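Let's take a walk through this one together, going from the ligand outwards. Have the sequence and the 3D view open side by side.

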Amino acid sequence: SPLPPGPKPWPVLGNIKDLTAKEFWLPATQWAKQYGDIVYLHVFGQGLVFLNSFDVANELMEKRGAIYSDRAPLVMAGELCGAGHMVAFTRYGPASRRQRRLMALGLSRATVPSYHPLITASTRKFLRTLFAEPGNHLGAVRRYAGGLNLNVVYGLEVTRTDDPYLMKVEGATDLLANEVTAGGGLWLVDIFPFLKHLPDWFPGAGFKRKAAVWKKDIVDSVDYPYDAVKANVRAGTAVPSFCSTLLQQPSLTELDEFDVKWTANSMYAASMDTTITLTQHFLLAMLAYPQHLARAQAELDAVLGPGPGRLPRFEDRPALPFIDAIFAECMRWGVPVPLGLPHRLMEDDVFQGKFIPKGSLVFANIWAMLRDPAVYPDPERFDPERFLTKVDDATARRRDPRAYVFGFGRRRCPGVHLVESSVWLMLASMLATLDIRKPAGAPDPVPVFDNTVFRNPDPFPVELVPRSEQARRLVEEDA
Ligand code: HEM
C-alpha cells in the first residue's frame, strides 16, 4: 500500500525543511486541508504521521491502542537527561502500565473529590497572592499549580515563595519544558544515536555536557520531595497524599517504590505548563472579550450574592452554566497541547489502504480538530455561548473539547479529572473577585508562541485588580 499523502520530501533529508520550531500545528493544519485526515512526512527516514480528525485519531490511537501507545526512544531527554522514567516518556509495556495504574488510583474521578478541600484552600491562597502581588500573576499561577501538586502528590505544604521543594521541582520542570523538549524533544542525537558515544570534550558534543548538568537537577527534583514524604511516613507524621497512601501499603517492593517515586514526579511536571497555559488563554480571552467577563460576573453575582456575596464553591457549579461554558471555550480556543505528545507505532499498519510504517511518530492534530468549522462555527472567535445551545447527546459529545484536548487512547492525560475540578474553581474564583483589563495605554496583546509542545503565550501586559471592596474583604478575611 502507498504511504499516506503529504508534502514532497527531499531525497535522504526528507521533509526537514517543512519542520518549524514555532507553532508547528499551523503548517500541520495546512497539510490537513491539502492532503486530508492522515498526513505523512519523514525526516531522515523517521516517519511523522498527523491524524487530523477525531474519527481517525480515535480509530488508530484508541481502537488500535495495542500498537499505537509507545513513546519515542528519546536519547537526549530519556537517556542522557535521566527523564526516561517519567510517565510521558516511558516506553509502552509493563512499566508504563504500572505507572498508569498508579495514576488511575490517585487521580480517578472518584478520588479527585477527596482533594476538594485542598483545592479550595489552594485557590483561596492563590487569590490572596494575586491581591498582594498584582503585577506578578504568572508567579502566582506557578505557585498555585506547584503548591497544589506538592500537596496532593506528596502532602507537602508550600508556605513560602522560595519553598525549597517548590524551587527544586520548578527548576527541573522549567528545564524539561524550555530546554530539553523545547524543540519538540528531538535532538540530533535522537536521529543519530551513535553521537551519544562521542567523548564529552569532543567538538559538537556540547549537548552531552549540557545533559550531564540537567540530569543532576532532574534526578534531584525527583528524589528530594519523595525522600521527604518517605521520612514523614517512617516518622508517622505524613498527611494523606498520593505518595503516603501508596507507601503505607503492606508488602511494598523496591519496584513499587521506584514506580511511586517517578509517577509522583510526572504528575507534577505534566500539570505545571498545561495549567499555566490554560490560565493565560483565559486571561487573553477576558481581555479580548470583556462582554463575556461581564456576563460571567453577573451570573456569579446572581448565585453568590452581589459583589460577590461570598466566594464560589464546588456545590455552586450546577447553577453556573456560563462559567462552565467559559471553561470549555478556554480549552477549545487555547488548545494547551495542540499536537498532543507523539505516540510511537510499534508495528507496521495499514489503514484505509495506506501503509503506516512501524516506528512512525503519530501526532493527534488536536489543533485542527478544535478549529474545525463544521463543529465550531467561526472557530477563531472566543464564544462560550456555542456550548449553551441545546443539541442532541451525540452532538454535545462531539463538540465537548474534553474529547480532544487531553489526547487519545492509552496515553490520554491522566490529569483530566483533577483539571476539571481545580481549573474550574480557579476560573470561577478569579471571575468572582477580579477585574481583568489592559493596563492604561497598553495596546491589545498580540500573543506570541515560542514553544513547540505547549501553546503557552509569552508574557503579555494584563492588570488584575479586586473587583470591589467587598471582593477584597472576602479574599483577605478568608485567610
Ligand atoms: C489543562 C490541563 C492539561 C491538559 C490540556 C493536558 C493535556 C495532555 C495531553 C494532550 C497529553 C498527551 C496525551 C497523549 O499522549 O495522547 C497529556 C499527557 C499527560 N498528562 Fe496532561 N494535561 C493537563 C493537565 C495535567 C495534569 C493536572 C496532570 C497531573 C496531575 C497531567 C498529567 C499527565 C501525564 C502524566 C501525561 C503523560 C501520560 C502518558 O504518557 O501515559 N496532565 N496531557
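Helix α11 is the biggest contributor to the shell around the ligand, giving seven residues. Keep in mind that you're looking at a predicted model. In total, 27 residues surround the ligand, and the closest are A270, S271, G407, C413 and G415. Besides α11 (254-288), the elements that give two or more residues to this shell are α4 (94-107) and α17 (416-433). As for chemistry, the shell splits into 16 nonpolar residues, eight polar ones and three charged ones.

Now for the nonpolar core. In soluble globular proteins, nonpolar side chains tend to be buried together. Here the largest nonpolar core has 138 residues, and the members that touch the most others are M76, C243, I366 and L427. Which helix gives this core its largest share? That's α11 again, with 15 residues. For a closer look at one of those well-connected members, click on L427: setting aside its neighbours within four places in sequence, L427 is in contact with F282, I323, I326 and F327.

Next, try a quick sanity check on a single helix. Helix α6 covers residues 137-154, which is 18 residues, so at 1.5 Å a residue it should span 26 Å. The C-alpha atoms at its two ends sit 25 Å apart, which agrees with that. Is α6 mostly covered or mostly exposed? Mostly covered, as 16 of its 18 residues are buried. Just after the helix comes G155, which takes a positive phi of about 70°.

Time to zoom out. The protein has 18 helices and eight strands. Its radius of gyration is 23 Å, close to the 23 Å that the globule rule gives for 479 residues, so the protein is as compact as a globular protein of that length. Along the principal axes, the C-alpha atoms fill a box of roughly 65 × 55 × 45 Å. Of the 479 residues, 45% are buried. Contacts across the sequence are plentiful too: among contacts with a separation of 6 or more, 74% are between residues 24 or more positions apart.

Finally, head towards the start of the chain and find E23, in the segment before α1 (25-35). E23 has 17 other C-beta atoms within 10 Å; a residue needs 20 or more to count as buried and 12 or fewer to count as exposed, so E23 comes out as partly exposed. To get a feel for distance, compare E23 with G93: they are 70 residues apart in sequence, and their C-alpha atoms are 31 Å apart in space.

Definitions and conventions. Residues are numbered from 1 along each chain as its sequence is written. This is a predicted model: local features need pLDDT of at least 70, side-chain atom pairs count only at pLDDT 80 or more; totals for chains, interfaces and linings use all residues. A residue is near a molecule or strand if its C-beta atom, placed from the backbone, lies within 6 Å of it. Helices (H or I, at least four residues) and strands (E, at least two) are DSSP runs, numbered from the N terminus. Ala, Val, Leu, Ile, Met, Phe, Trp, Tyr, Cys and Pro count as nonpolar, Asp, Glu, Lys and Arg as charged, and the others, Gly among them, as polar. A nonpolar core is a set of buried Ala, Val, Leu, Ile, Met, Phe, Trp, Tyr and Cys residues joined through C-beta atoms within 7 Å. Two residues are in contact if their C-beta atoms, placed from the backbone, lie within 7 Å. The expected span of a helix is 1.5 Å times one less than its number of residues. The radius of gyration is taken over C-alpha atoms; the globule rule is 2.2 Å times the number of residues to the power 0.38.
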